[in-house]
Amino acid sequence: MYTKSLLVLMLISMFSFAQKPLQQNATGSICGKVMDATNAELLPFVTISLFKDSALVSNTTTDIAGLYCFKNLEAGTYKLIFAYVGYKKTEVKNVKVAEGKSVSLSTKIGTESLALEEVQVVTNTTKTEKNKAYGKKDYCMKSIAIAGCVSPNSMNYNTEEYSKIDDNEFKEAVKEPLSTFSIDVDKASYSNVRRFITQGSLPPADAVRVEEMINYFDYNYPQPKGNDPFSITTEFTECPWNPAHNLVHIGMQSKEIKMDNMPANNLVFLLDVSGSMNSADKLPLLKSGLNLLVDQMRPQDKVAIVVYAGAAGVVLPPTAGNEKAKIYEALEKLEAGGSTAGGEGILLAYKTAKENFVSSANNRVILATDGDFNVGVSSNGELTRLIEKERESGIFLTVLGFGTGNYKDSKMEQLADKGNGNYAYIDNILEAKKVLVKEMGGTLLTVAKDVKLQVEFNPTKVKAYRLVGYENRLLNNEDFNDDKKDAGELGSGHTVTAIYEIIPAGSSELVASVDPLKYQQTTPTSDSKSNEVMTIKFRYKEPKEAVSKLMTHIVTDKKSLFALSSENCKFSCAVAQFGMVLRESKFKGESTFKSALILAKASKGKDDEGYRSEFIRLIEMAELLKK
């Protein structure tokens, strides 16, 4: 079933790792697989660090088949360190690479645990007694199924932060006919959820943002025609998780601009090098990911590097994209240590970007961090106001999140939302390649900013409606026509999907409502007798303009059977079901892991990169964890 997609992922993993410029004699390779020592199960997303003479050469991770490969290595003796949450860090020393030869390794890594009886005894003791009993050893948590054992400190001091999400409720169309929201092209929630599941636990509900889960995947919407920067596709069909309801599927496809036709990129890398970034899944992965981006840069592109820990500083002035060795060297020298003056770093990065601003270029700050700001300006409110002020300079923002344990998702999501930007979570080198290479145009080049949608429902066709996801992107109705109100940015080649669940007019289903109004009439107009279900209005601005443009699209009452709906609609609904089940949403209806799995398999379609196959595997893993 997975043969084709696994082959693709194997090839990707062989070529996607970052390393220094090649030497003439760099001809050897080390490839292999990583397995659980207990059951020989192949382990995905294991972090592997490669050393030569005590110096770090490269980092990579295993793909979903547990395979990895380091290629183009100098002849010599190497050491590999395998790190995986819940498992003992494992070293393989004295791996000898000869010119033109490939070394094949099969490595087993095991968990480090105490006996279950010991855990049960210690659980009933005081905190002081626990620390004395455990010492420096790891222990097992019964609630963790696959991740195995974790450090007592990682349990007691897990400070990951997520904004609270309350699912959108059903609204009566006759009393609240308008629904207004900002688009969201962020994809961080999906890769973060994947991190939880592959490490052996279900994610907290507030880590699951359904719209980001859906928008992680590409959909086959048509390219725009004419002068507008995006196309609009809609479908009116049955709701697969509630047979008594209908569903409206809205798809947007932005104009794809080829790399050769992109304007120059004028980038400032703003990198967190504080002590909290000192782990394999943080600074080393960050450097490897940015090396992949530097690989793609052209002579007309420029990169500056600003770092922050206890203080902020410029470690690389603006440097042309063809001076790759100089950029690689600056990245390689970075080491983690100290506290986290994130606010100071942001100010310096924008100052650097403004001093080197090029009006015809794509001017952007790329912030890479775990979000753990603890010196100076650090509160969400202060940082948000700082970013809102800086976005007026015409400089866009990309936020890349890394790490686990103290990850501040809520902070980074707000920074990207308020800073004319996008937000991705990098959990492995393949995700770095997806965000910074495959989707570089969408990540770096904005084709439309402040993109808003406003839907007006016809009460003769719609009794009530509910927007699936986008809880953090809702706008007041009057914000739609206010060009000063910030909204989402649409990058080159991006697709955006939104789903409305609809209770049809005439349904006897009860919906939460208020008493009839005494001083206002809510009777339908003559236009409501038409065959229109809804009117969708879109507002957007050109990237360098301050005045918005309006587009309008009408959905008519031509409902199709869900079985006849498009592959786009079916697969996005599978992802929506998965997200609602993970969130244990009261609106999930008949959704289960099994129903999402069946629908995802039936609508997988063309999957050259293997992302949809990986999604199917995640559902299967989540179902096992739930059991």
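**Exercise 1. The end of helix α14**

Which residue just after α14 takes a positive phi, and of about how many degrees? Examine the helix itself as well, comparing its expected span with the distance between its ends.

*Solution.* The model is predicted, and every step below is read from its coordinates.

Step 1. The residue in question is Glu584, which follows α14 directly and has a positive phi of about 55°.

Step 2. Helix α14 covers residues 567–583, that is, 17 residues. At 1.5 Å a residue these should span 24 Å, and the end C-alpha atoms are indeed 24 Å apart, so expectation and model agree.

Step 3. As to its surroundings, α14 is mostly covered, with 16 of its 17 residues buried.

**Exercise 2. The nonpolar cores**

Determine how many residues the largest nonpolar core has and which of them have the most contacts inside it. Then identify the element that gives the most to this core.

*Solution.* Step 1. The largest nonpolar core has 40 residues, and Phe217, Trp241, Phe578 and Phe615 have the most contacts inside it.

Step 2. Two or more residues come from each of the elements α5, α6 (210–215), α14, α15 (593–602) and α16 (611–626). Of these, α14 gives the most, with 10 residues.

Step 3. Phe217 illustrates the packing. Leaving aside residues up to four places away in sequence, Phe217 touches Tyr190, Thr495, Phe571, Val575, Tyr611, Arg612 and Phe615.

Step 4. A second core, separate from that one, has 35 residues, including Leu283, Val303, Ile327 and Leu331.

**Exercise 3. The surroundings of Asp186**

Establish where Asp186 lies, whether it is buried or exposed, and which residues it touches.

*Solution.* Step 1. Asp186 is found in the loop between β11 and α5.

Step 2. The relative accessible area of Asp186 is 0%. Buried means under 20%, so Asp186 is buried.

Step 3. Beyond residues up to four places away in sequence, Asp186 touches Glu212, Asp417, Gly421, Asn422, Tyr423 and Arg473.

Step 4. Two of these neighbours can be described further. The backbone nitrogen of Tyr423 is reached by the side chain of Asp186 at 2.9 Å. The side chains of Asp186 and Arg473 are joined by a polar contact of 3.3 Å.

Step 5. The pair of Arg473 and Asp186 also forms a salt bridge, with the closest N and O atoms 3.3 Å apart. Arg473 belongs to the loop between β21 (462–467) and β22 (488–491), and Asp186 to the loop between β11 (178–182) and α5 (188–198), so the salt bridge ties together parts 287 residues apart in sequence. Arg473 counts as buried too, because its relative accessibility is 7%.

**Exercise 4. Salt bridges, covered and uncovered**

State how many salt bridges a search of the whole structure finds. Then describe the bridge of Arg194 with Glu431 and the bridge of Glu329 with Lys333, noting the burial of each residue.

*Solution.* Step 1. The search of the whole structure finds 30 salt bridges. In general, side chains of opposite charge can pair when their charged atoms come close.

Step 2. Arg194 and Glu431 meet through their side chains in a salt bridge of 2.9 Å, N to O. Arg194 lies in helix α5 and Glu431 in helix α12 (residues 429–438), so that distant parts of the chain, 237 residues apart, are linked. Both Arg194 and Glu431 are buried.

Step 3. The link extends further: Arg194, Asp427, Glu431 and Glu614 are joined in a network of salt bridges.

Step 4. In the salt bridge of Glu329 and Lys333, the N to O distance is 3.4 Å. Glu329, at 44% relative accessibility, counts as partly exposed. Lys333 counts as exposed, because its relative accessibility is 60% and the cut-off for exposed is over 50%.

**Exercise 5. Strand β5 and its partners**

Name the strands that pair with β5 and give the sense of each pairing.

*Solution.* Step 1. Strand β2 (residues 47–52) pairs with β5 (residues 76–83) in the antiparallel sense over six bridges. Within this pairing, Thr47 has Ala83 in β5 as its bridge partner.

Step 2. Strand β6 (residues 90–97) also pairs with β5 in the antiparallel sense, over six bridges. Here Ile81 stands opposite Glu91 in β6.

**Exercise 6. The protein as a whole**

Summarise the secondary structure, the burial and the contacts of the protein.

*Solution.* Step 1. The protein has 16 helices and 25 strands.

Step 2. Of its 627 residues, 55% count as buried.

Step 3. Among contacts with a separation of 6 or more, 76% are between residues 24 or more positions apart.

Notes
Residues numbered from 1 in each chain as written. Predicted model: local features only at pLDDT ≥ 70, side-chain atom pairs only at ≥ 80, totals over all residues. Heavy atoms only, no water. Helix = DSSP H or I, 4+ residues; strand = E, 2+ residues; numbered from the N terminus. Expected span 1.5 Å × (residues − 1). Buried < 20%, exposed > 50% of the residue type's maximum accessible area, 1.4 Å probe, protein only. Salt bridge = Lys/Arg side-chain N within 4 Å of Asp/Glu carboxyl O. Core = buried A, V, L, I, M, F, W, Y, C linked by side-chain atoms within 4.5 Å. Contact = heavy atoms within 4.5 Å. Polar contact = N/O pair within 3.5 Å; in protein donor to acceptor, adjacent residues only side chain to side chain. Pairing = 2+ DSSP bridges.
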